[in-house]
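Trainee: Hi! Could you walk me through this model while I have it open?
Mentor: Happy to. Let's pull it up.

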Amino acid sequence: QVQVVESGGGLVQTGGSLRLSCAASGSISAINAMGWYRQAPGKQRELVAFITTSSVNYADSVRGRFTISSDSPGKMVYLQMSSLKLEDTGIYYCNVQGISRGSWNSYWGQGTQVTVSS
């Protein structure tokens, strides 16, 4: 059994900053990647940022404003969000890809709400 839990969401003004955290726990081992996705109202879930041992990737819409970092031994991933825009509003989900009980799988958290207002 694997648990993925996000925290740090909230209400911020445009131009403000917010830091999200995600913790993976349970039987997971050999984590391959960790990342953040978001779903805005009326839209599909989209990639925000993704990190492996050797690389990072950002959506064009957040590049230069958001920074992803990880503590893989501690099974943690963070998303530092700055210069927030109204378009950043949505539910942010943490995703972890790794091995649990000998099988590869992708694990999702329940999400944390981020609301940006003017």
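Mentor: What follows is a chat about rings, buried residues, strands and turns in this structure.

Mentor: Keep in mind that this is a predicted model.

Trainee: Noted. Let's start with rings: how many aromatic pairs does a search of the whole structure find?

Mentor: The search finds 1 aromatic pair. Its partners are Tyr-37 and Trp-108, whose ring centres lie 5.0 Å apart.

Trainee: At what angle are the planes of Tyr-37 and Trp-108?

Mentor: The planes of those two rings are at 65°. Edge-to-face needs an angle over 60 degrees, so the pair of Tyr-37 and Trp-108 is edge-to-face.

Trainee: And where in the chain do the two rings come from?

Mentor: From distant parts of the chain, 71 residues apart. Tyr-37 belongs to strand S4, residues 28-39, and Trp-108 to strand S10, residues 103-108.

Trainee: Is Tyr-37 buried or exposed?

Mentor: Tyr-37 has 16% relative accessibility, so it counts as buried. Trp-108 is at 36% and therefore counts as partly exposed.

Trainee: Which charged end sits over the ring of Trp-108?

Mentor: That of Arg-45, 4.5 Å from the centre of the Trp-108 ring. The charged end of Arg-45 also sits over the ring of Tyr-93, at 3.8 Å from the centre.

Trainee: Nice. Switching to strand S9: which residue there stands opposite Trp-108 in S10?

Mentor: Asn-95 is the one opposite Trp-108. Asn-95 is part of strand S9, which covers residues 90-100.

Trainee: What does the side chain of Asn-95 make a polar contact with?

Mentor: With the side chain of Ser-106, at 2.6 Å. A polar atom of the Asn-95 side chain also lies 3.3 Å from the backbone oxygen of Tyr-107.

Trainee: Is Asn-95 buried or exposed, then?

Mentor: Buried, because its relative accessibility is 1%. Leaving out residues up to four places away in sequence, Asn-95 touches several others, including Ala-33, Met-34 and Gly-35. Both partners of the ring pair, Tyr-37 and Trp-108, are among the residues that Asn-95 touches.

Trainee: What about Cys-94, where is its place?

Mentor: Cys-94 is in strand S9 as well. With 0% relative accessibility, Cys-94 counts as buried. Setting aside neighbours within four places in sequence, its contacts include Cys-22, Trp-36, Val-77 and Trp-108.

Trainee: How far is Cys-94 from Leu-20 in space?

Mentor: 9.4 Å from C-alpha to C-alpha, with their positions 74 residues apart in sequence.

Trainee: Back to the strands. How many bridges join S9 to S10?

Mentor: There are 6 bridges, and the two strands run antiparallel. S9 and S10 form a hairpin with 2 residues between them.

Trainee: What is the phi of Arg-101 in the turn?

Mentor: Arg-101 has a positive phi of about 50°, although it is not a glycine. Its place is the loop between S9 and S10, and Arg-101 is exposed, with a relative accessible area of 67%.

Trainee: Which residue in strand S4 has a positive phi?

Mentor: Ala-30 in strand S4 is a residue other than glycine with a positive phi, near 50°. Ala-30 is exposed, with a relative accessible area of 51%.

Trainee: Now the open sheet. In which order do its 4 strands come?

Mentor: The order is S1-S3-S8-S7, with antiparallel pairing. S1 (2-7) and S7 (66-71) stand at the edges with a single partner strand each, so one side of each has no neighbour in the sheet. From one strand to the next, the twist averages 15°.

Trainee: Over how many bridges do S7 and S8 pair?

Mentor: Over 6 bridges, in the antiparallel sense, with S8 spanning residues 76-81. Met-81 in S8 is the bridge partner of Phe-66.

Trainee: Last one: is Ala-24 buried or exposed?

Mentor: Buried, because Ala-24 has 7% relative accessibility. Ala-24 lies in strand S3, residues 18-26, and apart from neighbours within four places in sequence it is in contact with Gln-3, Lys-75 and Val-96. Between Ala-24 and Glu-6 the C-alpha to C-alpha distance is 9.0 Å, at 18 residues apart in sequence.

Trainee: Thanks, that helps a lot!

Key: Residues numbered from 1 in each chain as written. Predicted model: local features only at pLDDT ≥ 70, side-chain atom pairs only at ≥ 80, totals over all residues. Heavy atoms only, no water. Phe/Tyr/Trp six-rings, centres within 6.5 Å; stacked < 30°, edge-to-face > 60°. Buried < 20%, exposed > 50% of the residue type's maximum accessible area, 1.4 Å probe, protein only. Lys NZ or Arg CZ within 6 Å of the ring centre and 35° of its normal. Polar contact = N/O pair within 3.5 Å; in protein donor to acceptor, adjacent residues only side chain to side chain. Contact = heavy atoms within 4.5 Å. Pairing = 2+ DSSP bridges. Axes fitted to C-alpha atoms, helices over the stretch in contact; angles between N-to-C directions.
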